[in-house]
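Reader: Hello! I am new to this structure and would love a close look at one part of it. Please pick a helix and show me how it sits in the whole.

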Amino acid sequence: MDYQKIIDYYFPEETNGELRNILLTHSKCVAAMAMEICLKHPELNTDCAFVYEAAMLHDIGIVRCNAEGIHCFGQGPYIRHGMMGAKMLEEYASKFLPCTDIAPYARVCARHTGTGLTAKTIKAQGLPLPEQDFTPETTEEQIICYADKFFSKTKLDKRKTLGEAEKSLMKFGKDGVEVFRKWHETFG
């Protein structure tokens with residue numbers, strides 16, 4: 001998968017260079033940590049190439065969201081960036097990669113918010129998402145989601161501590177923190 005072509009398509013260098021830099025820097029940090037996990041845990045039998053590529057694409061949907069603090073001037077609420085990213089990958093594949101199974105990459109986009117969002121959480125918090133589960137299921141999805149929690153798009157030069165990552169998950173409820181702690185036992 002040539003993830004860079006997809007990034008270049010949606011984030012051309014000549015427009016919104018700051019957002020492109022944020023996406024690339026954040027995604028490279030997440031991808032590097034995810035690869036460290038894959039290499040540290042060969043017993044997990046992960047598809048390392050897929051992990052790297054999907055980590056580079058997991059936040060592609062931010063370009064269609066409204067989050068001025070990170071130079072996103074799209075229309076949708078930021079909480080929908082995963083769903084938007086999944087749709088963007090599907091659109092791109094139908095146009096340029098008709099024989100490519102983009103679904104595993106789109107799933108990573110849709111399922112990486114928090115430690116994944118359940119239909120119960122979406123309903124309880126009144127989130128502007130369909131009431132269905134968007135939780136990482138495969139080991140690869142979980143690794144990317146876990147690594148993502150250590151990197152912010154507002155402090156690109158800093159890796160969060162375990163405590164800081166847990167604190168940032170509290171907005172989605174304590175269940176997500178418990179999932180994160182289980183992942184830490186496996187991947188940390």
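Author: Let me start with a word on charges: Lys and Arg count as positive here, Asp and Glu count as negative, and His and the chain ends are left out. On that count the chain carries 23 positive and 26 negative charges, and the mean positions of the two groups lie 5 Å apart. Please keep in mind that you are looking at a predicted model.

Before we zoom in, here is the setting. The chain has nine helices and three strands. If you follow the sequence from its start, you meet three helices, then three strands, then six further helices, in the pattern α-α-α-β-β-β-α-α-α-α-α-α. The C-alpha atoms fit into a box of roughly 40 × 40 × 35 Å along the principal axes. A compact globule of 188 residues would have a radius of gyration near 16 Å, and the chain has 16 Å, so the two agree. Take the contacts between residues at least 6 apart in sequence: 64% of them join residues at least 24 apart. Of the 188 residues, 48% are buried. The chain exposes about 9,400 Å², and carbon and sulfur atoms supply 52% of this area.

Now to the helix I would like to show you, α7, which spans residues 139-148. Buried here means a relative accessible area under 20%. Nine of the 10 residues of α7 meet that condition, so the helix is largely enclosed by the rest of the structure. Which residues are they? You can find them in your view as Glu140, Glu141, Gln142, Ile143, Ile144, Cys145, Tyr146, Ala147 and Asp148. And what do they pack against? Their partners are four other helices: α2 (17-40), α3 (48-57), α5 (103-111) and α9 (174-187).

Next, follow the chain onward from α7. A loop leads from this helix to α8 (162-169), and threonine 161 belongs to that loop. Threonine 161 has a relative accessible area of 45%, which means that it is partly exposed. Its C-alpha lies 7.0 Å from the C-alpha of phenylalanine 150, and the two residues are 11 apart in sequence.

Two of the partners of α7, namely α2 and α3, are joined by a loop that holds asparagine 45. This residue is worth a look for its backbone. Most residues other than glycine have a negative phi. Asparagine 45 has a positive phi near 50° without being a glycine. With a relative accessibility of 66%, asparagine 45 counts as exposed.

Histidine 71 also has a positive phi, about 65°, and is not a glycine. You will find histidine 71 in the loop between β1 and β2. Its relative accessibility is 30%, so histidine 71 counts as partly exposed.

That loop brings us to the sheet, our last stop. Its three strands lie in the order β2-β1-β3, in an open sheet with mixed pairing. At the edges are β2 (72-73) and β3 (76-77), each of which pairs on one side only. Strand β1 covers residues 65-67 and runs antiparallel to β2, with two bridges joining them. Within this pair, asparagine 66 faces phenylalanine 73 of β2.

Key:
Residues are numbered from 1 along each chain as its sequence is written. This is a predicted model: local features need pLDDT of at least 70, side-chain atom pairs count only at pLDDT 80 or more; totals for chains, interfaces and linings use all residues. Side-chain values use heavy atoms; hydrogens and water are left out. The radius of gyration is taken over C-alpha atoms; the globule rule is 2.2 Å times the number of residues to the power 0.38. Buried means under 20% relative accessible area, exposed over 50%, partly exposed in between (1.4 Å probe, protein chains only). Contact means heavy atoms within 4.5 Å. Accessible areas come from the Shrake-Rupley method with a 1.4 Å probe; for residues, only the protein chains shown count as cover. The place of a charge is taken as NZ of Lys, CZ of Arg, CG of Asp or CD of Glu. Two strands pair if DSSP finds at least two bridges between them.
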